[in-house]
Amino acid sequence: MPGGARDTVDPRRAAGTRGTAGRPPPERAAVVGGATAAVERLVARWAAADAAGAGRLFADRVRWWAVPVPGAPWPEAVRSPREVEAFFLAFLGAFELTGVTTGRLVAAGADAVLTGQLHARVHVSGESRSFDFALAVSVRNGLISDFRWYADTLALARALGTAGVPPVSPDWPHGSVPG
């Protein structure tokens, strides 16, 4: 591709990881496809404001981590599909998702990482905002067993109207260095 990025594959590393016609072996394809499909289904349920549907995508025991956001109404401790549903209900109670822009999706084995932006209207203020995120999941037996959500905490806290959120200098990192 002129002027564009290229995906490159080291043939020595690819040997033994590819099946017929350049496809992964069937057992590996099912695992990778499962992680990719789980992320796609989760983002679709989130964008559709379907908290119950999102909860059904998770295993009975969930290892969960979501970036702590000051003043956020959603629970920090999540261990079950019902608590997953409570997280999404609380998030959707604060924000009306108006879109999701996905960036890169990388899958390896039963794990997948997605980057992107959530676009939302803040219920309290009516303002439209966008929030960068990275979402990492692990899938076991077709269900999400591990969930890690990294997001722009400053933007989320400000959108929620959290008091005491420190301002960021408009000329940082050039004119002022924190610390």
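This is a short tour of the structure, stop by stop, with something to select at each one.

**The whole chain**

Keep in mind from the outset that this is a predicted model. Start with a cartoon view of everything: the protein has 5 helices and 5 strands. Walking from the N terminus, you should meet them in the order α-α-α-β-α-β-β-β-β-α. Now switch on a surface. The accessible area comes to about 10,500 Å², and carbon and sulfur atoms own 55% of that. Of the 179 residues, 35% count as buried. If you like contact maps, take the contacts between residues at least 6 apart in sequence: 48% of them join residues at least 24 apart.

**Helix 4**

Next, select residues 81-94, which make up helix 4. Put a distance between its end C-alpha atoms and you should read 20 Å. The 14 residues should span 20 Å at 1.5 Å a residue, so the two values agree. Then colour the buried positions of helix 4: Val84, Glu85, Phe87, Phe88, Ala90, Phe91, Leu92 and Ala94.

Glu85 is the acidic entry to pick from that list, so what does it pair with? Show Arg82 as sticks too: the two form a salt bridge, with the closest N and O atoms 3.0 Å apart. They sit 3 residues apart in helix 4, which puts about one helical turn between them. Their surroundings read quite differently in numbers: Glu85 counts as buried at 17% relative accessibility, whereas Arg82 is exposed at 62%.

While you are here, add Glu83 and Arg79. This is another salt bridge, with its closest N and O atoms 3.9 Å apart. Glu83 is partly exposed, with a relative accessible area of 26%, and Arg79 is partly exposed as well, at 40%.

**Strands 2 and 3**

Which residue does Arg121 bridge to? Select Glu96, and the closest N and O atoms of this salt bridge turn out to be 2.9 Å apart. Arg121 belongs to strand 3 (residues 111-122) and Glu96 to strand 2 (residues 95-108), so the pair ties together parts that are 25 residues apart in sequence. Arg121 is partly exposed at 28% relative accessibility, and Glu96 is partly exposed at 34%. For the tally, a search of the whole structure finds 6 salt bridges.

**Thr36 in helix 2**

Now jump back along the chain to helix 2, residues 26-47, and pick out Thr36. Is Thr36 buried or exposed? It counts as buried, at 19% relative accessibility. Leave aside its neighbours within four places in sequence, and Thr36 is in contact with Leu105 and Ala107.

**Asp146 in strand 5**

For the last stop, select strand 5, residues 143-151, and centre on Asp146. At 10% relative accessibility, Asp146 counts as buried. Its side chain makes a polar contact with the side chain of Ser145, at 3.0 Å. Expand the selection past the neighbours within four places in sequence, and Asp146 has contacts with Arg63, Ala136, Val137 and Ser138. One more distance to draw: the C-alpha atoms of Asp146 and Trp65 are separated by 8.3 Å, although the two residues are 81 apart along the chain.

Key. Residues numbered from 1 in each chain as written. Predicted model: local features only at pLDDT ≥ 70, side-chain atom pairs only at ≥ 80, totals over all residues. Heavy atoms only, no water. Salt bridge = Lys/Arg side-chain N within 4 Å of Asp/Glu carboxyl O. Buried < 20%, exposed > 50% of the residue type's maximum accessible area, 1.4 Å probe, protein only. Helix = DSSP H or I, 4+ residues; strand = E, 2+ residues; numbered from the N terminus. Contact = heavy atoms within 4.5 Å. Areas by Shrake-Rupley, 256 points an atom, 1.4 Å probe, with all protein chains shown as cover. Expected span 1.5 Å × (residues − 1). Polar contact = N/O pair within 3.5 Å; in protein donor to acceptor, adjacent residues only side chain to side chain.
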